[in-house]
Amino acid sequence: MFEYSNDVSCIPFQEQYWNEYMKIYNDCFYEMRKTLEVEPINFYSDYSQIKEKINNIFLYFQNGVIVGAVSCYGNELDDLIVVKSFQGQGLGQKLLLWGMNHIKERDMKKLFYM
């Protein structure tokens, strides 16, 4: 049986966090996109790219700074990111659990992971 226990609390995305989120997102996916030659390497460059998605993006802060984020689109988890200097501390797992619980709380029947 799955039990949810997590000390992570995320807040909904707000436009004021755009620049910080864009940098973190692009940093997290840079090496993969470069290695796979996926263009553009820095995917996000303009707020209009994310404007329709903001209600599905949730940010995790430590000491007033974004250190991670997860997107919950219906019953799908996507774009789970953790600032490189915070990786290896279990935050990705905590964000994954937070996202799963968030979807569960919205009474979605199945979870899909991208």
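This passage describes the fold, the nonpolar cores, the salt bridges and the unusual backbone sites of one protein chain.

The coordinates are those of a predicted model, in which local features require pLDDT of at least 70 and side-chain atom pairs are counted only at pLDDT 80 or more, whereas totals for chains, interfaces and linings use all residues. Residues are numbered from 1 along each chain as its sequence is written, and side-chain values rest on heavy atoms, with hydrogens and water left out.

The secondary structure comprises two helices and five strands, which follow one another from the N terminus in the order β-α-β-β-β-α-β; helices (H or I, at least four residues) and strands (E, at least two) are taken as DSSP runs and numbered from the N terminus. Of the 114 residues in the chain, 38% are buried, where buried denotes under 20% relative accessible area, exposed over 50%, and partly exposed the range in between (1.4 Å probe, protein chains only). The chain exposes about 7,200 Å², of which carbon and sulfur atoms supply 51%; these accessible areas were obtained by the Shrake-Rupley method with a 1.4 Å probe, and for residues only the protein chains shown count as cover. Among the contacts with a separation of 6 or more, 57% are accounted for by residues 24 or more positions apart, a contact being defined by heavy atoms within 4.5 Å.

The interior contains a nonpolar core of 19 residues, the largest in the model, in which Phe 13, Trp 18, Tyr 21, Ile 50 and Leu 59 have the most contacts. Such a core is a set of buried Ala, Val, Leu, Ile, Met, Phe, Trp, Tyr and Cys residues joined through side-chain atoms within 4.5 Å. Two or more residues are given to this core by each of α1, β2 and β3, and the largest share, six residues, comes from α1. When residues up to four places away in sequence are not counted, Phe 13 touches Trp 18, Tyr 21, Tyr 47, Ile 50, Ile 54, Ile 57 and Leu 59. A second, separate core of 15 residues includes Val 8, Val 70, Leu 97 and Trp 98.

Leu 97 and Trp 98 are also among the buried residues of helix α2, together with Leu 91, Leu 95, Gly 99, Met 100, Asn 101, His 102 and Ile 103. This helix, formed by the 15 residues 91–105, reaches 21 Å from its first C-alpha to its last, close to the 21 Å expected at 1.5 Å a residue, the expected span being 1.5 Å times one less than the number of residues.

Two salt bridges are present in the structure, each defined by a side-chain nitrogen of Lys or Arg within 4 Å of a carboxyl oxygen of Asp or Glu. In one of them, Lys 94 pairs with Asp 7, with the closest N and O atoms 3.1 Å apart. This pair links distant parts of the chain, since Lys 94 lies in helix α2 and Asp 7 in the segment before β1 (10–12), 87 residues apart. Lys 94 is partly exposed at 27% relative accessibility, whereas Asp 7 is exposed at 59%. The pairing of Lys 23 with Asp 27, by contrast, brings the closest N and O atoms to 2.8 Å, and the two residues, four apart in helix α1, are separated by about one helical turn. An α-helix has 3.6 residues a turn, so residues three or four places apart point the same way. Lys 23 is exposed, with a relative accessible area of 52%, and Asp 27 is partly exposed, with 32%.

Several backbone sites stand out. The peptide bond from Glu 39 to Pro 40 is cis, with omega near -5°, and Pro 40 is found in the loop between α1 and β2. Asn 63, in the loop between β2 and β3 (65–73), has a positive phi of about 55° although it is not a glycine, and Asn 63 is exposed, with a relative accessible area of 81%. Asp 79, a residue of strand β4 (residues 76–82), likewise has a positive phi, near 45°, but is buried at 12% relative accessibility.

On the surface, Met 32, Leu 36 and Val 38 form a nonpolar patch with about 260 Å² of accessible area together. Patches consist of residues with over 30% relative accessible area and no salt bridge, with like charges joined within 9 Å and nonpolar side chains (Val, Leu, Ile, Met, Phe, Trp, Tyr) within 5 Å. Leu 36, located in the loop between α1 (18–35) and β2 (57–62), is exposed at 57% relative accessibility.
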